[in-house]
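The following exercises concern the fold and helix packing of one protein chain. Please attempt each task before reading its solution.

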Amino acid sequence: MYLTNEQLNEMANAALRSYEMTADWRDARVAAFEYAVDEFRIKPRNSAVILAMKMAQSKWYGIRISVQKQIHN
């Protein structure tokens with residue numbers, strides 16, 4: 001079963017929330033995997049977890065850039 005873009009985005013958000021709390025991308029990866037298991041009742045493929053992690057990291061870097069801009073203005 002393939003995940004939809006919305007499901008991948010939800011996994012990424014779960015990973016991002018985990019990273020914000022733990023500052024550990026490994027914990028965030030586990031959170032993304034567990035989110036899919038708990039919410040979608042599926043065991044996601046490794047490629048789906050990796051994609052969700054890349055999305056979460058992209059969101060995190062966007063947040064960092066936004067904060068840096070606010071600090072320097």
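**Exercise 1. Determine the pattern that the protein chain follows along the sequence.**

Solution. Read along the sequence, the pattern is α-α-α. The secondary structure comes to three helices and zero strands; helices (H or I, at least four residues) and strands (E, at least two) are DSSP runs, numbered from the N terminus. The model is predicted: local features need pLDDT of at least 70, side-chain atom pairs count only at pLDDT 80 or more, and totals for chains, interfaces and linings use all residues. Residues are numbered from 1 along each chain as its sequence is written, and side-chain values use heavy atoms, with hydrogens and water left out. Along the principal axes, the C-alpha atoms of the chain fill a box of roughly 45 × 25 × 15 Å. Of its 73 residues, 32% count as buried (under 20% relative accessible area, with exposed over 50% and partly exposed in between; 1.4 Å probe, protein chains only).

**Exercise 2. Check the span of helix α1 against the value expected at 1.5 Å a residue.**

Solution. Helix α1 covers residues 5-22, which is 18 residues. The expected span is 1.5 Å times one less than the number of residues, and for α1 this gives 26 Å. The end C-alpha atoms of α1 are 25 Å apart, which agrees. Just after α1, A23 takes a positive phi of about 55 degrees.

**Exercise 3. Identify the buried residues of α1 and what covers them.**

Solution. The buried residues in α1 are Q7, L8, M11, A12, A14, A15, L16, S18 and Y19. Their cover includes α2 (25-40) and α3 (46-72). Take S18 as an example: it counts as buried because its relative accessibility is 14%. Leaving aside residues up to four places away in sequence, S18 touches A23, D27, A28 and A31, where contact means heavy atoms within 4.5 Å.

**Exercise 4. Classify the packing of α1 against α3.**

Solution. Two packed helices are described by the angle between their axes and the distance between the axes. For α1 and α3, the angle is about 55 degrees and the axes are 8 Å apart. Axes are lines fitted to C-alpha atoms, for helices over the stretch in contact, and angles run from 0 to 180 degrees between N-to-C directions. Angles under 35 degrees count as roughly parallel, over 145 as roughly antiparallel, 65 to 115 as roughly perpendicular and the rest as oblique; α1 and α3 are therefore oblique to each other. The contact joins L8, N9, M11, A12, N13, A15, L16, Y19 and E20 of α1 to A48, V49, L51, A52, M53, M55, A56, K59, W60 and I63 of α3.

**Exercise 5. Describe the surroundings of A48 in helix α3.**

Solution. A48 counts as buried because its relative accessibility is 14%. Not counting residues up to four places away in sequence, A48 touches L3, L8 and M11. By contrast, the C-alpha atoms of A48 and M21, 27 residues apart along the chain, are separated by 22 Å.

**Exercise 6. Classify the packing of α2 against α3.**

Solution. These helices pack at an angle of about 125 degrees, with their axes 10 Å apart. Helices α2 and α3 are therefore oblique to each other. From α2, residues W25, A28, R29 and F33 meet N46, V49, I50, M53, A56, Q57 and W60 in α3.
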